[in-house]
Amino acid sequence: MRVLVATAVLVERDAVAAAFAPSPTREYAIPGATLSRVVPTEGGPLVFDMLAAGVGPAAAAAATAAALTAAALNEQTGEQTGEQTGEQTHDRTSGPYNLVVSVGIGGGFQPEAPVGSLVLADEITVADLGAETADGFVPVTELGFGAVTHRPPESLVRAVAAVTGARTGAVLTVNTVTGSADRAAELRRRHPQALAEAMEGFGVAEAATAHGVPVLELRAVSNPVGPRDRAAWRIGDALAALTGAFGKLAPALESWNPHDR
C-alpha cells in the first residue's frame, strides 16, 4: 500500500517521519513538490511518501494534486519520475497511491477536543466557502456550486480511531484561524458536530477525490478554538501526539481493504 501523507509545514512532516525512526527517509523531487519517502519495514507492505504542501487549502490542493498526478504518470510510463538518482523502478514504491492522509496540528473545540488530543475526521468540511447574506452565511452548495464536505471511508476511520485513540468528528477547514469567542460560537452553531479546525484538509480532499483516491484527516490539537492566546498553545505536545499516532497506524492500514468504503 502506498500512502501519501500531506502536511502543511516541515515540522509536521518531520513529526510523522519520527514515528518511523530509525527507518531511513529519502527525498526526491517531482514537478511542483518534494517528497520524503520511508518504507518502515524492509519488504513490508507499506510505503509512505510525506509532503510539506504549504499552508491553506489552495497550497494543499495544488501540491497534493501534483504528487497524485506524478504517481499516475509513473504508472503509465513505468518510471519513477523525478528520482534524483535517475534510476527507473518497477516495484511497489512506484505507481498510484492507495490513500491520502491530511495530517497536522489544529485547534480543538472545547471541551470535546482538549489540547494534546487527536481528532480523526469522519467528515472534512470547508467552513467558509460560500457567501455572506443579510440572513447570514450561505455555503457554496446552496448557491448551486461545488461541494463543501468529503467523507473518509467509514471502515478505515473506525480502524484508525481504534488503534490511535483519536476522537472522531468533523474537522473544519478554514482560511482564517479562529481568534474570537464569537467566531468559535458561530462555527459551532453551524457545525455542531465539529471537533477541530485546520487549514488544509478540504484542499487535500478535493485533490484526492479528483483522482479517485480515499482520504483521511488526522489532527493533533495544539490550541483551543477561540480567543487567540499563544501562551496556551502546546505545539510540542501536539507534534508528539502525531508521532505517537503514526507509530500505531500500520496494523489498521495493513488490514484495510481499499474497496471497503
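**Exercise 1. Classify the exposure of Arg188 and characterise its salt bridge with Glu112.**

Step 1. Arg188 has a relative accessible area of 22% and is therefore partly exposed, a class lying between buried (under 20%) and exposed (over 50%), with a 1.4 Å probe and protein chains only. The model is predicted: local features need pLDDT of at least 70 and side-chain atom pairs count only at pLDDT 80 or more, whereas totals for chains, interfaces and linings use all residues. Residues are numbered from 1 along each chain as its sequence is written, and side-chain values use heavy atoms, with hydrogens and water left out.

Step 2. The side chains of Glu112 and Arg188 form a salt bridge of 3.3 Å, N to O; the term requires a side-chain nitrogen of Lys or Arg within 4 Å of a carboxyl oxygen of Asp or Glu.

Step 3. Glu112 belongs to the loop between strand 5 (99–108) and strand 6 (118–126) and Arg188 to helix 4 (residues 181–190), so the pair ties together parts 76 residues apart in sequence. Helices (H or I, at least four residues) and strands (E, at least two) are DSSP runs numbered from the N terminus.

Step 4. Glu112 is also partly exposed, at 34% relative accessible area.

**Exercise 2. Describe the salt bridges Glu186–Arg189 and Glu200–Arg219.**

Step 1. Between the side chains of Glu186 and Arg189 the N to O distance is 2.9 Å. Both residues lie in helix 4, three residues apart, about one turn of the helix.

Step 2. Glu186 is partly exposed at 25%, whereas Arg189 is exposed at 57%.

Step 3. For Glu200 and Arg219, the closest N and O atoms are 3.5 Å apart. This pair links distant parts of the chain, 19 residues apart: Glu200 is in the loop between strand 11 (194–198) and helix 5 (201–210), and Arg219 is in strand 12 (residues 215–224). Both Glu200 and Arg219 are buried.

Step 4. Salt bridges with shared partners join Arg2, Arg37 and Asp49 into one network. The whole structure contains 10 salt bridges.

**Exercise 3. Describe the packing of helix 1 and helix 6.**

Step 1. Helix 1 (residues 10–18) packs against helix 6 (residues 235–246) at an angle of about 40°, with the axes 7 Å apart. Axes are lines fitted to C-alpha atoms, for helices over the stretch in contact, and angles run from 0 to 180 degrees between N-to-C directions.

Step 2. Helix 1 is therefore oblique to helix 6; angles under 35 degrees count as roughly parallel, over 145 as roughly antiparallel, 65 to 115 as roughly perpendicular and the rest as oblique.

Step 3. Val11, Glu12, Ala15, Val16 and Ala18 of helix 1 make the contact with Leu239, Thr243 and Phe246 of helix 6 (heavy atoms within 4.5 Å).
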